[in-house]
Amino acid sequence: MSVVKKTMPAEKEASVTLPWTRMAEGGLVPRGGTAASVRTGAWRTGQMPVLDLEACIHCLRCWIWCPDSAVLLDGEKVSGIDYDHCKGCGICAQVCPPKVHAIQMVAEEVEG
Ligand code: SF4
Ligand code: SF4
């Protein structure tokens, strides 16, 4: 009978052997503002919001409701969508007044 010996990946082994005094405490955010420097929108749902600035009345509902702060402002007016952080949830399109309908969710082509 042959025996298959499993070995732990080097990075896993390193995390296991790290002294507890050097490990991050669980449940803590080590520093603030980290999302701004990370492209969190890289895994969008497959839908993306397209903003029609001609139709927009700048009521800011989309800006208030966006869970990812991905609706961009120029002063007190909406100026665009930050696709580096937008997740494609569609909330902005849902809260945009129906008579205005300035945001449409469209299917996004994924490069592969
Ligand atoms: S789709 Fe979602 S994450 Fe993207 S801008 Fe609209 S509300 Fe924000
Ligand atoms: S909710 Fe619609 S009308 Fe209001 S600011 Fe956003 S895009 Fe413009």
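In which loop is H101 found? Select H101 in this predicted model, and the answer is the loop between α3, residues 91–95, and β4, residues 103–107. That residue will come up again below, once the overall layout has been set out.

**The whole chain**

Show the chain as a cartoon and colour it by secondary structure, which brings out 3 helices and 4 strands. Followed along the sequence, these elements come in the pattern α-β-α-β-β-α-β. If you then colour by accessibility, the buried residues make up 25% of the 112 residues in the chain. For the contacts, take those between residues at least 6 apart in sequence: 65% of them join residues at least 24 apart.

**Ligand 1**

Select ligand 1 next, which sits in the largest cavity, and display the residues around it. These are P49, C66, P67, D68, A70, C86, K87, G88, C89, G90, I91 and C92. Coloured by class, this shell has 8 nonpolar, 2 polar and 2 charged residues.

**Ligand 2**

Move on to ligand 2, which sits in the second largest cavity. Here 14 residues surround the ligand, and the closest are C56, C59, L60, C62 and C96. The shell around ligand 2 has, by class, 12 nonpolar, 1 polar and 1 charged residues.

**The hairpin of β2 and β3**

Now select residues 71–74, which form β2, together with residues 77–81, which form β3; the two strands run antiparallel and are joined by 4 bridges. Within this pairing, D74 has K77 in β3 as its bridge partner, while L73 stands opposite V78 of β3. The hairpin has 2 residues between the strands, and G75 takes a positive phi near 65 degrees there.

Keep V78 displayed and add L53, a residue of the loop between β1 and α2, the latter spanning residues 61–65. Leaving aside residues up to four places away in sequence, L53 touches H58, V78 and S79. Draw a distance from L53 to G80 as well: the two are 27 residues apart in sequence, yet their C-alpha atoms are 8.0 Å apart in space. Is L53 buried or exposed? L53 counts as partly exposed, because its relative accessibility is 41%, and the range for that class runs between 20% and 50%.

**The loop between α1 and β1**

Go back along the chain to the loop between α1, residues 10–17, and β1, residues 47–51, where G46 is found. Apart from residues up to four places away in sequence, G46 touches V106, A107 and E108. A C-alpha to C-alpha distance drawn from G46 to C89 reads 9.4 Å, although the pair is 43 residues apart in sequence; C89 has already appeared on this tour as one of the residues around ligand 1.

A42 is found in the loop between α1 and β1 too. Its relative accessible area is 54%, so A42 is classed as exposed, the cut-off being over 50%. Select H85 with A42: these residues are 43 apart in sequence, with 7.6 Å between their C-alpha atoms.

**Two residues with a positive phi**

Finish with two backbone positions, for which a plot of the torsion angles is a useful companion to the viewer. Most residues other than glycine have a negative phi. Select S69 in the loop between α2 and β2; S69 is not a glycine, but has a positive phi of about 50 degrees. S69 counts as exposed because its relative accessible area is 60%.

The other position is H101, with which the tour began, in the loop between α3 and β4. H101, likewise not a glycine, has a positive phi of about 50 degrees. At 48% relative accessibility, H101 is therefore counted as partly exposed, since exposed requires over 50%.

Note on methods
Residues are numbered from 1 along each chain as its sequence is written. Chains are lettered from A and ligands numbered from 1 in the order in which they are written. This is a predicted model: local features need pLDDT of at least 70, side-chain atom pairs count only at pLDDT 80 or more; totals for chains, interfaces and linings use all residues. Side-chain values use heavy atoms; hydrogens and water are left out. A residue is near a molecule or strand if one of its heavy atoms lies within 4 Å of it. On a 1 Å grid over the protein atoms alone, a cavity is a set of points where a 1.4 Å probe fits but cannot get out, and a pocket is an open set with protein on both sides within 12 Å along at least five of seven lines; lining residues have an atom within 4 Å of a point. A molecule sits in a cavity or pocket if more than half of its atoms lie within 2 Å of its grid points. Ala, Val, Leu, Ile, Met, Phe, Trp, Tyr, Cys and Pro count as nonpolar, Asp, Glu, Lys and Arg as charged, and the others, Gly among them, as polar. Two strands pair if DSSP finds at least two bridges between them. Contact means heavy atoms within 4.5 Å. Buried means under 20% relative accessible area, exposed over 50%, partly exposed in between (1.4 Å probe, protein chains only).
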